[in-house]
Amino acid sequence: MQNDTRKSSTVTLNDVPKVDEDVTLTEDQRIELKEAFSLFEGKGKGKINVRDLGALLRCLGWNPSERDMEEAKRELEVNTRGHIPFADIERYVARRGGIYWDNNDEEDILTAFQALDRNGCGKIKVDDFKHFMMTMGEQMSQEEVEELVECTTKESERGVIDYKDLVKAVKHIPT
């Protein structure tokens, strides 16, 4: 008789049940994860600091609570220096149901930009914004990004964007 050590149904991040280990992401989801991971990856070493895990997950459309984050940190292979390799994060994301797309309401857009707001002050660096918009998801051209920056930056704050103003500006762009 084999001893099954797996838990039958542990509920974690966003109440998504744990599924079998052999679940994988689609190729598009894997590309999206790699792009988001690269925003936090230090020097191309294939790992991120555990303190960036929450921001990475928010980039993927998740909204983890503090409890979810503690659970994730326990489950993931965090090395002694506080880093998590890409492969572990990929398996974790796949087990939790993948990447959530088609979240277009204002709150979800704000959450995505909050991932770039390293200081939690409601503003992001223009350079970070440009990089994000020209390399992630549905990529924008440099001209399109410059137009958004012009609509949202104030004379007194040329190096940063208040992302709440950005969301308002984006809502008024004709599709």
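**A pocket, a helix and a core in a predicted model**

Among the elements that line the second largest pocket of the protein, β3 makes the greatest contribution, giving 3 residues to the lining. The structure described here is a predicted model, and the space that lies in this pocket amounts to about 270 Å³. The lining is formed by 14 residues, of which Phe40, Glu41, Gly42, Lys47 and His83 are the closest to the centre of the pocket. Two or more residues of the lining come from each of α1 and β3. By character, the lining residues divide into 8 that are charged, 3 that are polar and 3 that are nonpolar.

The protein as a whole contains 8 helices and 6 strands, which follow one another from the N terminus in the order β-β-α-β-α-α-β-α-α-β-α-α-β-α. Of its 175 residues, 39% count as buried. When contacts between residues at least 6 apart in sequence are considered, 63% of them join residues at least 24 apart.

Helix α1, one of the contributors to the pocket lining, comprises the 14 residues 27–40 and spans 21 Å from its first C-alpha to its last, which is close to the expected 20 Å. The buried residues of this helix are Gln29, Glu32, Leu33, Glu35, Ala36, Phe37, Leu39 and Phe40. In an α-helix there are 3.6 residues a turn, so residues three or four places apart point the same way. The cover over the buried residues of α1 includes the strands β3 (47–49) and β4 (83–85), together with the helices α2 (53–59), α4 (86–95) and α6 (126–135). Ser38, also found in helix α1, is partly exposed, with a relative accessible area of 40%. The C-alpha atom of Ser38 lies 9.6 Å from that of Phe86, although the two residues are 48 residues apart along the chain.

A residue of helix α4, Glu90, counts as buried because its relative accessibility is 16%, below the 20% under which a residue is called buried. Apart from residues up to four places away in sequence, Glu90 touches Leu25, Arg30 and Leu33, and Leu33 is itself among the buried residues of α1.

The largest nonpolar core of the protein has 41 residues, and those with the most contacts inside it are Leu53, Ile89, Val93, Phe113 and Phe129. Two or more residues are given to this core by each of the helices α1, α2, α3 (66–75), α4, α5 (106–114), α6, α7 (142–152) and α8 (163–171). In soluble globular proteins, nonpolar side chains tend to be buried together. When neighbours within four places in sequence are left aside, Leu53 is in contact with Ile48, Met69, Ala72, Lys73, Leu76, Ile84 and Ile89, the last of which also belongs to the group with the most contacts inside the core.

Ala115 lies in the loop between α5 and β5 (123–125), and with a relative accessible area of 6% this residue is buried. Beyond its neighbours within four places in sequence, Ala115 is in contact with Phe40, Ala55 and Cys59. Of these partners, Phe40 is a buried residue of α1 and also appears among the lining residues closest to the centre of the second largest pocket. The C-alpha atoms of Ala115 and Gly54 are separated by 8.2 Å, while 61 residues separate the pair along the chain.

Terms used:
Residues are numbered from 1 along each chain as its sequence is written. This is a predicted model: local features need pLDDT of at least 70, side-chain atom pairs count only at pLDDT 80 or more; totals for chains, interfaces and linings use all residues. Side-chain values use heavy atoms; hydrogens and water are left out. Helices (H or I, at least four residues) and strands (E, at least two) are DSSP runs, numbered from the N terminus. The expected span of a helix is 1.5 Å times one less than its number of residues. Buried means under 20% relative accessible area, exposed over 50%, partly exposed in between (1.4 Å probe, protein chains only). Contact means heavy atoms within 4.5 Å. A nonpolar core is a set of buried Ala, Val, Leu, Ile, Met, Phe, Trp, Tyr and Cys residues joined through side-chain atoms within 4.5 Å. On a 1 Å grid over the protein atoms alone, a cavity is a set of points where a 1.4 Å probe fits but cannot get out, and a pocket is an open set with protein on both sides within 12 Å along at least five of seven lines; lining residues have an atom within 4 Å of a point. Grid points are joined across faces, edges and corners, and a volume is the space filled by probe spheres set on the points. Ala, Val, Leu, Ile, Met, Phe, Trp, Tyr, Cys and Pro count as nonpolar, Asp, Glu, Lys and Arg as charged, and the others, Gly among them, as polar.
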